[in-house]
Amino acid sequence: MITRFWAEIATALATLVFGLVIVKGALEFGIGWDSSGPQPGAFPFYTGGLVALASLGTLVFTAARRFAGAEWLAEEFLDRERGRRVLSFLLPLIAFVVLSATLGMYVATILYLVFTMRFQGHYGWLQTLATAFGTAAFFYLALEKFFQISLLKGPLEPLLGL
């Protein structure tokens, strides 16, 4: 069982690290002003700094509330059933990211939609396959042809002439 306190602390630490990584990356591009205006890292630097500062505020606020005896921080946040539901969403999403990098975006989209619609949503095969292939075709036409934005390609797209 994970309490709300630990969920708040873990989230604040994760967003703090995220903000600091953005700040560090922005410093590599420069954050000052030059003759043409702000340098490329200025906006990410201030955005990352704001995220880090808000995360520190959340850490302090959460710790202060706990020491003040806030009952809601002791409530159960994640139990076994809720954890199962989170994993049933998170694991296919991770698989989608891995498949996108290895098989390409279109194949990964089709596989992700087939899995989630058929096996999690219990839709029929016709609806599932029509939605999966229709979505991939829409993305291909809209992004690749209309907007000329190339997505990740895997080993199957060249075989299909895409």
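This passage looks at four residues of a predicted model, taking two in helices and then two in loops. Residues are numbered from 1 along each chain as its sequence is written, local features need pLDDT of at least 70 while side-chain atom pairs count only at pLDDT 80 or more, and totals for chains, interfaces and linings use all residues. Side-chain values use heavy atoms, with hydrogens and water left out.

Threonine 62 sits in helix H2, residues 42–67; helices (H or I, at least four residues) and strands (E, at least two) are DSSP runs, numbered from the N terminus. Threonine 62 is buried, at 3% relative accessibility, where buried means under 20% relative accessible area, exposed over 50% and partly exposed in between, with a 1.4 Å probe and protein chains only. Setting aside neighbours within four places in sequence, threonine 62 is in contact (heavy atoms within 4.5 Å) with Phe5, Glu8, Ile9 and Leu73.

Phenylalanine 115 belongs to helix H4, residues 105–120, and is partly exposed at 38% relative accessible area. Beyond its neighbours within four places in sequence, phenylalanine 115 is in contact with Pro92 and Gln120. Alanine 132 is 17 residues away from phenylalanine 115 in sequence, with a C-alpha to C-alpha separation of 9.7 Å.

The loops bring a backbone feature into view. Most residues other than glycine have a negative phi. Histidine 122, in the loop between H4 and helix H5 (125–146), has a positive phi near 60 degrees and is exposed, with a relative accessible area of 65%. Glutamine 148 lies in the loop between H5 and helix H6 (156–160); its phi is positive, about 55 degrees, and glutamine 148 is exposed at 67% relative accessible area.
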